[in-house]
Amino acid sequence: MKQKRFILQESEIPTQWYNVQAEMPNKVLPFKNPGTGEKMGPEDLYPIFAKECCNQELNQKDTWINIPEPIREKYAYYRCTPLVRAYGLEEALDTPAHIYFKNESVNPLGSHKINSALAQAYYLKQEGITNVTTETGAGQWGAALSYAAKLFGLEAAVYQVKISYEQKPYRRSVMQLFGAQVTPSPSMSTKFGRRILTDFPNHQGSLGTAISEALELAMSTPNCKYSLGSVLNHVCLHQTVIGLEAEKQMAMAGEYPDEVIACFGGGSNFCGIALPFLRHNFNGSRHTRFTAVEPTACPKLTKGKFDYDFGDEGCMTPLIPMYTLGHDFRPSNIHAGGLRYHGAGAIVSQLLKDGFIEAMDAEQLEVFKAAELFAKSEGIVPAPESSHAIYGVIQRALECKKTGEKKVILFNLSGHGLIDMTAYDDYMSGNMVNTTL
Ligand SMILES: *Cc1c(COP(=O)(O)O)cnc(C)c1O
């Protein structure tokens, strides 16, 4: 019988995260204070994020960072996650390529977001914080943080992008079940939200808007800090457990990836799967190709420009060196809520600029066709976000069919889509449209 799943024991959960910042040939440019234009140090970020996360954010020195034991203990609830050989998809595509996926949907929350939520909640608790605020799009991050907050004894308040709050009511229920307070954004509960609603009464919300509201609440509430589920360097760092495990599992399968592919919102799951393999490209020992797949409706990597920009619509964050469509960009209402963000994280942006990684974009309808094929051949309903990666994999596997190359393709299945069935209903009923810029 063919071996399909590659499983690691609990004892093989990584003990350290991989900090690519220490090894990048061109370092990430410093964050800047929007008021003074001055370069920011970790202390400048302490009022917003957990101190340890601020230190990790700007750490360009240590290649490996220890994972505290209480976080590893929580990881053990669901890690190590399986690596799976997608024989069914290979057969459906009639491709000579070998396709593998790392299944990050296999945890109580259903997406990779929990890997960083646990770390951030732990560090906040450690320094005596009692309340945490955040934003969420489709709700995966909000659900993950709500759960992590509950585990470590913090109160969570989540601003959910209004369009997702309405399209994905069950993720709201999940957050509420864990005890979080959930508010659709833009809302009347913050100064920024009130300003937006006065100017644009029908504003559907965006991650950039929800971030501003969550930040405002954090800064005006005592003993409260803010937590972000993507984009930032420390979030990408926490996600490297994905690729570090996958590297061992690929070795168990006796292969090494020629292609690594992930969907792209702000960069956390892409970094998670890609960076531990990319480190072998830096010294020339491997030549893997890395591709981030983003929606055509929100194409910061393929159509954005590299510049200093804000991480939020309300201009409250530091200025970040990133590929961006502009902090006031309003993406159309595609179902992949987690990919509706205007900018790319600083690490990915620098790597793209330096030619270490590539990007492609995908239309919504093509993405759902890819999702359908994957569901039918592998028996898993992928998240609309993750389906962008599947679309990319199919493009590459079909190229192999043309050329006859037996490439090894690895992708990250960042989450399942079982709470996104309204999106699939829309697709199956023929109502779904492609939305471009
Ligand atoms: C949030 C999310 C994404 C996009 O965020 P990244 O930080 O780019 O990974 C992708 N897939 C799923 C399932 C998500 O929840």
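A residue is called buried here when its relative accessible area is under 20%, exposed when that value is over 50%, and partly exposed in between. By that cut-off Glu104, at 0% relative accessibility, counts as buried, and this residue is a convenient place to enter the structure, which is a predicted model.

Glu104 forms a salt bridge with Arg79, and the closest N and O atoms of the two residues are 2.8 Å apart. The two partners come from distant parts of the chain, since Glu104 sits in the loop between β5 (98-103) and α5 (114-126), whereas Arg79 sits in the loop between α3 (69-75) and β4 (83-85), 25 residues apart. Arg79 has a relative accessible area of 4% and is therefore buried, and Glu104 is buried as well, because its relative accessibility is 0%.

A contrasting setting is found at Lys61 and Asp62, whose side chains meet in a salt bridge with an N to O distance of 3.9 Å. Here Lys61 counts as exposed because its relative accessibility is 67%, while Asp62, with a relative accessible area of 31%, is partly exposed.

A further pair is made by Glu358 and Arg396, which form a salt bridge with their closest N and O atoms 3.8 Å apart. Glu358 lies in strand β14 (residues 358-362) and Arg396 in helix α17 (residues 386-403), so this salt bridge ties together parts of the chain that are 38 residues apart in sequence. Glu358 is partly exposed, with a relative accessible area of 34%, whereas Arg396, at 7% relative accessibility, counts as buried. Both residues also belong to a network of salt bridges in which Glu259, Arg289, Glu358, Arg396, Glu399 and Lys407 are linked. In the model the count of salt bridges comes to 23.

From these pairs one can turn to the division of the chain into domains. The domain assignment gives domain 1, made of the segments 5-12, 72-107 and 234-429, and domain 2, which covers 112-232. The C-alpha centres of domain 1 and domain 2 lie 23 Å apart, and 42 residues of domain 1 are in contact with 41 residues of domain 2.

The size of an interface is often given as the accessible area that is lost when the parts come together. Between domain 1 and domain 2 the buried area is about 3400 Å², and carbon and sulfur atoms give 57% of it. Of the area that domain 1 buries against domain 2, Lys74, Met316 and Ile419 supply 18%, which is more than any other three residues.

Polar interactions also cross this boundary: 23 residue pairs, with both residues at pLDDT 80 or more, are in polar contact across the interface of domain 1 and domain 2. On the side of domain 1 that touches domain 2, the elements giving two or more residues are α3, α11 (233-238), α12 (241-252) and α13 (268-282), and the largest share, four residues, comes from α11. By residue type, this side of domain 1 divides into 14 nonpolar, 19 polar and nine charged residues.

Two salt bridges are found across the interface of domain 1 and domain 2. A salt bridge also joins Lys168 to Asp420, with the closest N and O atoms 2.7 Å apart; the domain assignment places residues 112-232 in domain 2 and residues 234-429 in domain 1.

Key:
Residues are numbered from 1 along each chain as its sequence is written. This is a predicted model: local features need pLDDT of at least 70, side-chain atom pairs count only at pLDDT 80 or more; totals for chains, interfaces and linings use all residues. Side-chain values use heavy atoms; hydrogens and water are left out. A salt bridge is a side-chain nitrogen of Lys or Arg within 4 Å of a carboxyl oxygen of Asp or Glu. Buried means under 20% relative accessible area, exposed over 50%, partly exposed in between (1.4 Å probe, protein chains only). Domain bounds come from an automatic or database domain assignment. Contact means heavy atoms within 4.5 Å. Buried area is the accessible area (1.4 Å probe) that two parts lose on being put together, summed over both. A polar contact is a pair of N or O atoms within 3.5 Å; within protein, one must be able to donate a hydrogen and the other to accept it, and residues adjacent in sequence count only if both atoms are side-chain atoms. Ala, Val, Leu, Ile, Met, Phe, Trp, Tyr, Cys and Pro count as nonpolar, Asp, Glu, Lys and Arg as charged, and the others, Gly among them, as polar.
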